[in-house]
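Biologist: Please take one part of this protein and walk me through it slowly, saying what it touches, what it pairs with and how it sits within the rest of the chain. I would also like to know how far the model can be trusted while I look at it.

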Amino acid sequence: MEEITRNSASVSGECFPISPKAAAPKPVAAAGAITAPLQGTVLDVPVKAGQAVKAGQVLVVIEAMKMENEVVAPADGTVGSVSVQKGDAVAAGDPLVTLQ
């Protein structure tokens, strides 16, 4: 029989402590590399290298679990490079775009 409490789990009479894990820090999107916030497939890249972008403008659209997730510019800037293209598989933390 299994029993789970807030700080331990008991399986077949043995008690195992459970210690909470701190959440992994999310990639910080500052001027520079913009990274994928989650694993998925790139659906669209509506920007090109050299293009001026405004804060909040969509840089990349990623599909994960049948949901579209927009990755937006954190600040005004210019796209320095684009590291992905439509159809690419990305993992959380992979570089997508660099801003200057």
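**Around one strand**

Modeller: Leaving aside residues up to four places away in sequence, L43 is in contact with V61, I62, E63, E68 and K86. Before going further I should say that this is a predicted model, so the details that follow describe a prediction.

L43 lies in strand β5, and that strand is the part I would like to look at closely. The residue has a relative accessible area of 28%, and because this falls between the 20% limit for buried and the 50% limit for exposed, L43 counts as partly exposed. One of its contacts, E68, comes from another stretch of the chain: the two residues are 25 places apart in sequence, yet their C-alpha atoms are separated by 8.1 Å.

The strand itself covers residues 40–44, and it has a partner on either side in the sheet order β8-β7-β5-β10. With strand β7, which spans residues 58–64, β5 is joined by three bridges, and the two run antiparallel. One position to inspect here is D44, whose bridge partner in β7 is V61; V61 is also among the residues that L43 touches. With strand β10, residues 89–90, the pairing is again antiparallel and rests on two bridges. On this side G40 has V90 as its bridge partner, while T41 stands opposite A89.

These pairings belong to an open sheet of four strands, with antiparallel pairing throughout the order β8-β7-β5-β10. Its edges are formed by β8, residues 67–72, and by β10, each of which pairs on one side only. As general background, strands of a sheet pair through backbone hydrogen bonds, either parallel or antiparallel.

From β7 one can follow the sheet outward to β8, to which β7 is joined by six bridges in the antiparallel sense. V61, already met as the partner of D44 in β5, has E70 as its bridge partner in β8. The two strands make a hairpin with two residues between them, and M65 in that turn has a positive phi of about 55 degrees.

On the other side, the loop between β9 and β10 is where G87 is found. Beyond its sequence neighbours up to four places away, G87 touches T41 and V42. Its C-alpha atom is 10.0 Å from that of V45, although their positions lie 42 residues apart in the count along the chain.

For the setting of this part, there is a second open sheet, also of four strands and with antiparallel pairing, in the order β4-β11-β9-β6. Its edge strands are β4 (33–35) and β6 (52–53), each pairing on one side only. Within it, β9 (residues 77–82) and β11 (residues 95–99) pair in the antiparallel sense over three bridges, and S81 stands opposite T98.

The link between β7 and this second sheet can be followed through the largest nonpolar core, which has 17 residues and in which L59, V60, L96 and V97 have the most contacts. Both β7 and β11 supply at least two residues of that core each. V97 gives a sense of the packing, for outside its sequence neighbours up to four places away it touches G32, A33, I34, L59, V60, V79 and S81.

Seen as a whole, the chain has zero helices and 11 strands. Of its 100 residues, 26% count as buried, and among contacts between residues at least 6 apart in sequence, 48% join residues at least 24 apart.

As to trust, the chain averages a pLDDT of 84, and 76% of the residues score at least 70. Residues 26–30 call for caution, since pLDDT stays under 50 there, and the model has six contacts for them beyond four places in sequence. Where pLDDT is low, the predicted coordinates should not be read in detail.

Key
Residues numbered from 1 in each chain as written. Predicted model: local features only at pLDDT ≥ 70, side-chain atom pairs only at ≥ 80, totals over all residues. Heavy atoms only, no water. Pairing = 2+ DSSP bridges. Contact = heavy atoms within 4.5 Å. Buried < 20%, exposed > 50% of the residue type's maximum accessible area, 1.4 Å probe, protein only. pLDDT = per-residue confidence, 0-100. Core = buried A, V, L, I, M, F, W, Y, C linked by side-chain atoms within 4.5 Å.
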